[in-house]
Amino acid sequence: MTNEVVRDVIVHDMCLRDGMHAKKEQISTEQMRTVAAALDKAGVPIIQVSHGAGLGGNSLQHGFAPHANEEYWDAVAPVLTRAKMSVLLIPGLGTMNELRSAYEHGVRAVHVATHCTEADTSPQHIACARELGMDTAGFLMMAHLNTTAGLVEEAKKMESYGAQTVYVTDSAGYMIPENVVEIVTALRNELKPETEIGFHGHNNLGMGTANSIEAVRAGATRIDASVAGLGAGAGNTPLEGFVAVCERVGIKTGCDLFALMDMAEDIIFPMMDHIVRVDRSSLTLGFAGVYSTFLLHANRLGEKYGIPPRDILMELGRKKMIGGQEDMIEDTALTMLKEREAKVVGA
Amino acid sequence: MANKVKCALIGSGNIGTDLIYKIQRSEFLEPVWMVGIDPESEGLARARDMGLKTTAEGVDGLLPHVKADGIQIAFDATSAYVHAENSRKLNELGVFMVDLTPAAIGPLCVPPVNLDELENTMNVNMISCAGQATIPIVHGVSRVQSVEYAEIIASLASKSIGPGTRANLDEFTHTTSSAVCKVGKARRGKALCIINPADPPMIMRNTIYCLTDDEPDQEAITQSLMDMIEQVQRYVPGYKLVNGPVFEGNKVGVFMEVAGLGDYLPTYAGNLDIMTAAACRTAEMYAEKILKGEFVLEGAA
């Protein structure tokens with residue numbers, strides 16, 4: 001085919017998955033269709049669509065979306081002309097039955113996600129995805145909580161289970177470019193040449209774009225981002241910003257920059273309930289190394305119990321809480337409240 | 001030792017090893033055999049040091065000794081995949097099986113909830129560590145008023161989770177969710193599990209959310225939960241309420257911690273203790289019946 005798109009990097013949009021977190025899981029099927037159609041038209045090749053916590057995400061822990069994942073996939077699939085749909089699967093939350101259902105509803109790629117030290121909870125799920133013929137990535141979350149050598153070891157496990165891509169996932173938006181370069185370089189040297197490397201950034205320290213560009217320069221060929229950064233914490237790497245820098249430095253993404261800029265302005269910003277940006281709480285996430293999804297929970301519970309969200313987030317960072325432990329935010333707030341009341345009484 | 005029922009332990013990993021300590025302290029049970037599959041395994045060596053007979057040839061290595069050594073109860077801490085076959089072979093020889101895998105082919109047991117109701121059967125299932133830690137709480141709410149939905153979140157220290165559980169998280173999820181309904185008596189149930197590698201390791205934490213049909217009776221639920229926690233503490237002293245119950249609309253939130261006795265793994269691994277202690281207590285109930293002649297084990301052969 002002569003009109004095959006040439007890309008140095010595959011940009012993977014997160015608006016309709018990570019973006020669900022920024023919307024407290026409340027995105028309508030109509031909004032999903034509008035966003036997906038615009039992404040497809042702008043040449044974004046893969047679009048993640050599901051509850052913010054992925055398969056099995058509907059829960060008191062992670063919030064209930066107005067629709068089942070199946071309804072979202074059925075809404076989005078018909079508007080896609082060239083992009084494919086992906087999903088997130090965190091073992092311990094999502095299951096293989098749900099993955100099979102995703103495949104039946106047109107999903108063709110998956111991030112199988114584990115905490116960065118627990119890759120050995122993913123072999124069943126990675127194997128199942130490969131059996132289904134899906135584009136299969138292993139996704140090492142909260143990667144800043146492991147050493148480079150440790151990440152290499154975990155990445156090799158995922159590769160051995162059948163992952164075709166292994167992601168370095170900066171869930172807390174904690175990394176700075178030199179960290180990313182060191183890790184991606186090590187993975188590129190140690191993994192098989194045919195295994196792709198991905199980077200998923202959050203913008204809590206304002207480093208999303210810089211980290212992603214450095215990841216590509218160090219050998220990553222998959223970048224997760226979302227238009228206007230719609231996502232947890234201070235958002236994902238802003239997709240249009242990343243594509244703009246790629247054009248400046250000669251990295252081919254195959255995406256239409258102006259279409260993405262228009263989409264950010266006309267579709268995504270008007271959807272936001274709060275401006276997704278670096279602010280006091282989201283900067284705290286990046287500074288303390290806390291899972292980005294904790295942002296809105298900490299803000300809400302801080303208000304409920306009269307404790308500054310920053311104090312709660314710093315404590316969660318100190319206790320090394322990881323993705324999926326949202327219940328521990330309220331628990332931590334309650335314990336802090338008891339301690340503070342005891343101090344007042346004691347004084 | 002004539003007044004104790006002789007036991008075999010299948011699976012020489014974390015759970016099997018911790019069980020040795022629990023059973024050795026029991027009035028009614030005596031650990032005799034440990035079954036593994038790797039002759040070099042540390043678990044088998046440790047079992048030998050603790051005075052048990054061992055085989056590295058799986059359940060088939062145990063079968064010839066069942067009669068001669070008078071084995072009447074076996075604990076299976078292997079995996080859901082091999083449990084059915086292990087159970088069949090041992091049941092045939094008249095050995096009662098306590099299943100610590102998520103296979104769940106026998107009735108599900110959470111001692112403070114339904115141990116008294118279990119009938120004589122050749123196989124009981126202990127669900128999962130998360131199930132043992134959370135279902136008493138779900139039941140503590142549902143015995144006061146009907147629960148439309150219960151959700152449990154178990155956070156476990158990475159160092160306490162062996163390769164078997166890691167490779168089979170889906171079974172863990174399915175079995176625990178289903179037991180939240182069957183034993184906890186919620187109409188719908190969901191189980192989530194998180195493995196946290198923090199160093200020093202975090203103590204097992206469990207959060208339980210229940211959605212009641214009607215507005216929760218705060219006083220009755222709180223009292224029921226305190227009673228239930230006391231029941232569990234009788235066999236797991238480190239079972240503790242950290243925060244809650246928190247009432248928000250029809251949602252009841254309970255934040256628990258389980259510290260272990262530190263028998264095999266350190267105290268953070270409360271998940272190990274609550275599972276092995278529950279299995280041991282369940283086996284003791286049957287052992288008492290066996291010793292009194294109220295439960296006659298019959299092999300097919």
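**Contacts between chains, domains and helices**

In this predicted model, 25 residues of chain A and 25 residues of chain B form the contact.

User: What makes a residue part of this contact?

Analyst: Its C-beta atom, placed from the backbone, must lie within 7 Å of the C-beta atom of a partner. On that test, each of chain A and chain B supplies 25 residues.

User: Which helices of chain A each supply at least two residues to the side that touches chain B?

Analyst: Helix H5 (123–131) and helix H14 (327–346) do. H14(A) gives the largest share, six residues. By class, the side of chain A that touches chain B has eight nonpolar, eleven polar and six charged residues.

User: Why is H1(B) called oblique to H10(B)?

Analyst: Helix H1 (residues 14–24) and helix H10 (residues 270–292) of chain B pack at about 55°. Roughly parallel needs an angle under 35 degrees, and roughly perpendicular runs from 65 to 115. The angle of about 55° fits neither class, so H1(B) is oblique to H10(B). Their axes lie 9 Å apart, and the crossing is right-handed.

User: Which residues make that contact, and how do they divide by class?

Analyst: H1(B) contributes residues including Ile15(B), Leu19(B) and Ile23(B). From H10(B) come Leu272(B), Met275(B) and Cys280(B), among others. The contact has eight nonpolar, two polar and three charged residues.

User: How do you know where the domains of chain A begin and end?

Analyst: The domain assignment gives domain 1 as 10–271 and domain 2 as 293–346. Their C-alpha centres lie 28 Å apart. Domain 1 of chain A puts 13 residues into the contact and domain 2 of chain A puts in eight.

Definitions and conventions
Residues are numbered from 1 along each chain as its sequence is written. Chains are lettered from A and ligands numbered from 1 in the order in which they are written. This is a predicted model: local features need pLDDT of at least 70, side-chain atom pairs count only at pLDDT 80 or more; totals for chains, interfaces and linings use all residues. Domain bounds come from an automatic or database domain assignment. Two residues are in contact if their C-beta atoms, placed from the backbone, lie within 7 Å. Axes are lines fitted to C-alpha atoms, for helices over the stretch in contact, and angles run from 0 to 180 degrees between N-to-C directions. Helices (H or I, at least four residues) and strands (E, at least two) are DSSP runs, numbered from the N terminus. Angles under 35 degrees count as roughly parallel, over 145 as roughly antiparallel, 65 to 115 as roughly perpendicular and the rest as oblique. A crossing is left-handed if the near helix is turned anticlockwise from the far one by less than a right angle, and right-handed if clockwise. Ala, Val, Leu, Ile, Met, Phe, Trp, Tyr, Cys and Pro count as nonpolar, Asp, Glu, Lys and Arg as charged, and the others, Gly among them, as polar.
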